[in-house]
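Visitor: I am new to this structure. Please take one strand and show me closely what surrounds it.

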Amino acid sequence: NYSESGDDAARTVADIERLGRRAVAVQADVSDASGIARLVDTARRELGRLDILVNSASLFERTPFADITEAEWDRVLAVNLKGPFLLSQAAAPLLRADGGGIIINIVDLSALQPWPSFAHHAVSKAGLLHLTRVMARALAPDVRVNSIAPGTVLPPEAHQGEDGSERRVVHREGSPDDVVDAVLYLVRAGFVTGENIVVDGGRLLL
């Protein structure tokens, strides 16, 4: 699924197909119910089943608390919190159809810490963390629901080159592969649901 990055989505599809697998890219705004319906219907039609849903779409915008407008607040919560709710709700029947599926929500450290310059983002991620636990009960026993809270694994371009070692306790930088490893663990961990894995190199300890 992609919102505006059509070229990147097409390259991802091509990479998957070169591995001998099937893939389809669907443009959809996850904050829009009609887009979500199209996304789930396409998965059902083109792939026939759905085993794993990863809710990772997110807006990450720095705005001082006093300057956040109502429109900005609504837009961030619509993408970061309403989107995962609507998509999980729409996908649940398909996830259940073949004996049970998996939902993984991507939150971040703002779900666990107060970030005053990202209030709308932080509140949306804290809500998604709690929604993870709610859905783990609501969709049990057929669907397991967990979340992952990454630290700095893919810094914005403006911060490229800063190693951030003072903000972690391990001796290397994080990478997207660290999050992938956590996703794969949760996919395979059949006795784990309603949990959150922090993948931050120990930053939360500081």
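Guide: Here is a close look at strand β2 and its neighbours. The model is predicted: local features need pLDDT of at least 70, side-chain atom pairs count only at pLDDT 80 or more, and totals for chains, interfaces and linings use all residues. Residues are numbered from 1 along each chain as its sequence is written, and side-chain values use heavy atoms, leaving out hydrogens and water.

Strand β2 covers residues 101-106. Strands are DSSP runs of E, at least two residues long, and helices are runs of H or I, at least four, numbered from the N terminus. Six of the six residues in β2 are buried, meaning under 20% relative accessible area with a 1.4 Å probe, protein chains only. In a regular strand, side chains alternate between the two faces of the sheet. One side of β2 holds G101, I103 and N105. The other holds I102, I104 and I106. Both faces are covered.

Now the neighbours. Two strands pair if DSSP finds at least two bridges between them. β1, residues 52-55, pairs with β2 in the parallel sense over four bridges. There, V54 stands opposite I104. The chain gets from β1 to β2 through helix α3, residues 70-97, in a right-handed β-α-β crossover. Right-handed means that, with the strands pointing away from the viewer, the path from the first strand over the helix to the second runs clockwise.

β3, residues 143-150, also pairs with β2 in the parallel sense, over six bridges. N105 stands opposite S147 in β3. Helix α4, residues 119-138, carries the chain from β2 to β3, and this β-α-β crossover is right-handed.

Methods
Buried means under 20% relative accessible area, exposed over 50%, partly exposed in between (1.4 Å probe, protein chains only).
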